[in-house]
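Reader: I would be grateful for a close look at the interior of this protein, together with the charged pairs around it. Please state how each term is defined, as I wish to compare the account with the structure on my screen.

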Amino acid sequence: MSEQIINQTNDDGVTLKGGCHCGKIRFDLSISKEAAECIEVYDCNCSICTKKGILHLITSTKRFSFTGKEDLSTYTFNTGVAQHYFCSKCGICPFYIPRSNPDGYDINARCLDDFSKFKIKVIPYDGANWEQAPKLDHLSK
């Protein structure tokens with residue numbers, strides 16, 4: 001992993017940065033150094049994730065911050081629990097509050113700066129059958 005794509009390093013971990021296409025929405029994500037060596041993401045096959053092409057990196061609110069709130073729009077459907085945020089200028093979904101983890105954030109790993117330089121482990125997730133799929137609530141703790 002290139003040091004150029006890690007904007008901050010400390011004893012506890014690293015801070016990764018990302019955002020939408022136009023730059024109006026920016027975020028910081030703190031993860032452990034170990035997790036940064038090979039980032040585990042989920043590839044969900046539900047209706048909206050398939051269309052968005054999102055690779056899910058779920059985290060707690062304590063490890064995530066963002067700027068550009070005034071440029072966020074929200075889409076909800078079905079139960080309305082998930083808050084699908086997207087940039088009102090460029091339309092990109094850099095993160096959202098997922099139904100599976102309403103106490104955290106789901107970052108679109110493809111929106112990390114220099115995404116292609118990371119080692120990524122993609123884990124299939126059967127979101128099309130969400131009620132029967134393994135729970136992911138531990139990821140936002």
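Author: The account below begins with the basis of the model, then takes up the interior, and ends with the charged pairs and the loops.

The model is a predicted one, in which local features require a pLDDT of at least 70 and side-chain atom pairs count only at pLDDT 80 or more, whereas totals for chains, interfaces and linings use all residues. Residues are numbered from 1 along each chain as its sequence is written, and side-chain values rest on heavy atoms, with hydrogens and water left out.

The pLDDT, the predictor's confidence in each residue on a scale from 0 to 100, has a mean of 89 over the protein chain, and 92% of the residues reach 70 or more. Residues 1–9 have a pLDDT below 50, yet this stretch has 21 contacts in the model beyond near neighbours in sequence; a contact means heavy atoms within 4.5 Å. Where pLDDT is low, the predicted coordinates should not be read in detail.

A UniProt record, from an unreviewed entry, places the feature "domain: CENP-V/GFA" at residues 16–131. UniProt positions are given in the numbering used here, feature names are shortened, and annotations may be inferred rather than shown by experiment. The span is 9% helix and 40% strand, and its end C-alpha atoms lie 31 Å apart. Helices (H or I, at least four residues) and strands (E, at least two) are DSSP runs, numbered from the N terminus.

The interior can now be considered. A nonpolar core is a set of buried Ala, Val, Leu, Ile, Met, Phe, Trp, Tyr and Cys residues joined through side-chain atoms within 4.5 Å. Buried means under 20% relative accessible area, exposed means over 50%, and partly exposed lies in between (1.4 Å probe, protein chains only). The largest nonpolar core has 24 residues, and those with the most contacts inside it are Ile39, Phe95 and Ile107. At least two residues of this core come from each of strands S2 (14–19), S3 (26–31), S4 (39–44), S8 and S10 (104–108). Strand S3 gives the largest share, three residues. Apart from this core lies another, of twelve residues, among them Cys44, Cys46, Ile58 and Tyr125. In soluble globular proteins, nonpolar side chains tend to be buried together.

Individual residues make the picture more concrete. With residues up to four places away in sequence not counted, Phe95 touches Ile25, Phe27, Phe64, Phe66, Leu72, Tyr85, Tyr105, Asp106, Ile107 and Asn108. Leu57 lies in strand S5 (residues 56–60) and is buried, at 10% relative accessible area. Under the corresponding exclusion, the residues that Leu57 touches include Leu29, Ile39, Val41, Tyr105 and Ile107. His84 is found in strand S8 (residues 84–87) and is also buried, with a relative accessible area of 5%. Beyond four places in sequence, the contacts of His84 include Ile48, Lys52, Tyr75, Phe77 and Tyr96. The side chains of His84 and Lys52 are joined by a polar contact of 3.2 Å. A polar contact is a pair of N or O atoms within 3.5 Å; within protein, one must be able to donate a hydrogen and the other to accept it, and residues adjacent in sequence count only if both atoms are side-chain atoms.

The charged pairs come next. A salt bridge is a side-chain nitrogen of Lys or Arg within 4 Å of a carboxyl oxygen of Asp or Glu, and the whole structure holds four of them. In one of them, the side chains of Asp28 and Lys17 meet at 2.8 Å, N to O. Asp28 belongs to strand S3 and Lys17 to strand S2, so this pair ties together parts eleven residues apart in sequence. Asp28, at 25% relative accessibility, is partly exposed, as is Lys17 at 26%.

Lys121 and Glu40 form another salt bridge, their closest N and O atoms being 3.9 Å apart. Because Lys121 lies in strand S11 (residues 120–125) and Glu40 in strand S4, parts 81 residues apart in sequence are tied together.

Lys89 pairs with Asp71, the closest N and O atoms being 3.8 Å apart. Lys89 is in the loop between S8 and strand S9 (95–96) and Asp71 in the loop between strand S6 (64–67) and strand S7 (72–75), so the pair ties together parts 18 residues apart in sequence. Lys89 is exposed at 53%, whereas Asp71 is buried at 10%.

Finally, the loops hold an unusual backbone angle. Most residues other than glycine have a negative phi, and most peptide bonds are trans. Asn78, in the loop between S7 and S8, has a positive phi near 55° and is exposed, at 67% relative accessibility. Asp114, in the loop between S10 and S11, likewise has a positive phi of about 55° and is partly exposed, at 37%.
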